[in-house]
Amino acid sequence: MTQEVLVLGGEFSGKSIFIRRIVEIVENPIKWDPSQSTEGTFPTVGVELRNITLDNNKSYKFREVGSVLSSKWSSYIEECHLIIFLIDIADLGTVTSSMVLLHELLAHVYLSKGMRVLLCLNKTDLTDQSTTVQASNFLRLPELTRNGKVELISGSCLDGTLCSQALQWLKML
């Protein structure tokens with residue numbers, strides 16, 4: 001059975017690169033080189049789909065919904081099994097808007113299904129520890145992760161650390 005994973009986040013949070021790196025790691029784990037440059041990306045205006053089968057034969061359909069459609073995100077929740085939400089923590093200006101989007105989404109998720117959410121703090125390679133702490137405070141992370149439904153990872157899509165952690169999370173489910 002293929003599980004649908006909804007990949008969401010604010011503008012420039014790294015959703016497209018996240019999925020591209022996941023595919024690269026899964027399709028060629030031995031030769032995957034994080035120093036390889038990725039193609040340039042543009043903000044996703046609509047919806048993009050990617051099917052991925054992990055080495056444990058679990059199949060996932062990743063559905064990336066662009067941030068311009070954030071008012072429609074709730075309509076995709078009914079079809080999905082898991083949510084991955086990316087936040088660009090290198091830009092504190094976008095952290096606040098991402099927090100609003102995330103909290104609105106979580107209110108709907110908890111009311112509808114209580115499904116599992118993986119919160120990905122992206123672009124840690126571009127920040128220092130104080131920026132990460134500030135972003136964590138803005139997002140009220142202890143509140144979010146307290147009930148166990150929201151799990152937290154941090155890293156970088158560009159170097160693959162965030163994607164590798166997300167793959168491990170998917171394998172453990």
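Cysteine 163 is buried, with a relative accessible area of 0%, and in this predicted model the closest cysteine sulfur to its own is that of cysteine 157, at 4.3 Å, which is too far for a bond. A disulfide is a covalent bond between the sulfur atoms of two cysteines, and the cut-off applied here asks for sulfur atoms within 2.5 Å. Cysteine 80 is buried as well, with a relative accessible area of 1%, and its sulfur lies 14 Å from the closest cysteine sulfur, in cysteine 120, so that this pair too is too far apart for a bond. A search of the whole structure accordingly finds 0 disulfides.

From the cysteines we can turn to the sheet. Its 6 strands form an open sheet in the order 2-3-1-4-5-6, with mixed pairing. Strand 2 (47–53) and strand 6 (150–154) stand at the edges, and because each has a single partner strand, one side of each is left without a neighbour in the sheet. On average, and with direction ignored, neighbouring strands are turned by 20° against each other. Within the sheet, strand 1 and strand 3 (residues 59–65) run parallel and are joined by 6 bridges, and threonine 2 stands opposite serine 59 in strand 3. Helix 6 (residues 161–172) packs on this sheet, where it touches strand 3, strand 4 (82–88), strand 5 and strand 6, and the direction of helix 6 makes about 165° with that of strand 5.

The loops that follow two of these strands each hold a residue with a positive phi. Phenylalanine 12, in the loop between strand 1 (2–9) and helix 1 (15–27), has a positive phi of about 65° although it is not a glycine, and this phenylalanine is exposed, with a relative accessible area of 55%. Lysine 123, in the loop between strand 5 (116–122) and helix 4 (129–139), likewise is not a glycine and has a positive phi, of about 70°.

That second loop leads into helix 4, whose buried residues are Thr131, Thr132, Ala135, Ser136 and Leu139. Seen down the axis of helix 4, these buried residues fall within an arc of 140°, so they line one face of the helix. An α-helix has 3.6 residues a turn, so residues three or four places apart point the same way. On the other side of helix 4, Gln129 and Asn137 are exposed, and the helix is followed by arginine 140, whose phi is positive, near 55°.

What remains is the nonpolar interior. In soluble globular proteins, nonpolar side chains tend to be buried together. Here the largest nonpolar core has 27 residues, and those with the most contacts inside it are Leu6, Leu8, Ile83, Phe85, Ile87, Leu105 and Leu119. Two or more residues of this core come from each of strand 1, helix 2 (73–77), strand 4, helix 3 (92–112), strand 5, helix 4 and helix 5 (141–145), with helix 3 giving the largest share, 7 residues. Phenylalanine 85, when its neighbours within four places in sequence are left aside, is in contact with Leu8, Gly9, Trp73, Ser98, Leu101, Leu102, Leu105, Leu118, Leu119 and Cys120. Apart from the largest core lies another, of 25 residues, among them Ile25, Leu54, Ala166 and Leu170.

Terms used:
Residues are numbered from 1 along each chain as its sequence is written. This is a predicted model: local features need pLDDT of at least 70, side-chain atom pairs count only at pLDDT 80 or more; totals for chains, interfaces and linings use all residues. Side-chain values use heavy atoms; hydrogens and water are left out. Buried means under 20% relative accessible area, exposed over 50%, partly exposed in between (1.4 Å probe, protein chains only). Helices (H or I, at least four residues) and strands (E, at least two) are DSSP runs, numbered from the N terminus. Two strands pair if DSSP finds at least two bridges between them. Axes are lines fitted to C-alpha atoms, for helices over the stretch in contact, and angles run from 0 to 180 degrees between N-to-C directions. Contact means heavy atoms within 4.5 Å. The arc is that of the directions from the helix axis to the C-beta atoms. A nonpolar core is a set of buried Ala, Val, Leu, Ile, Met, Phe, Trp, Tyr and Cys residues joined through side-chain atoms within 4.5 Å.
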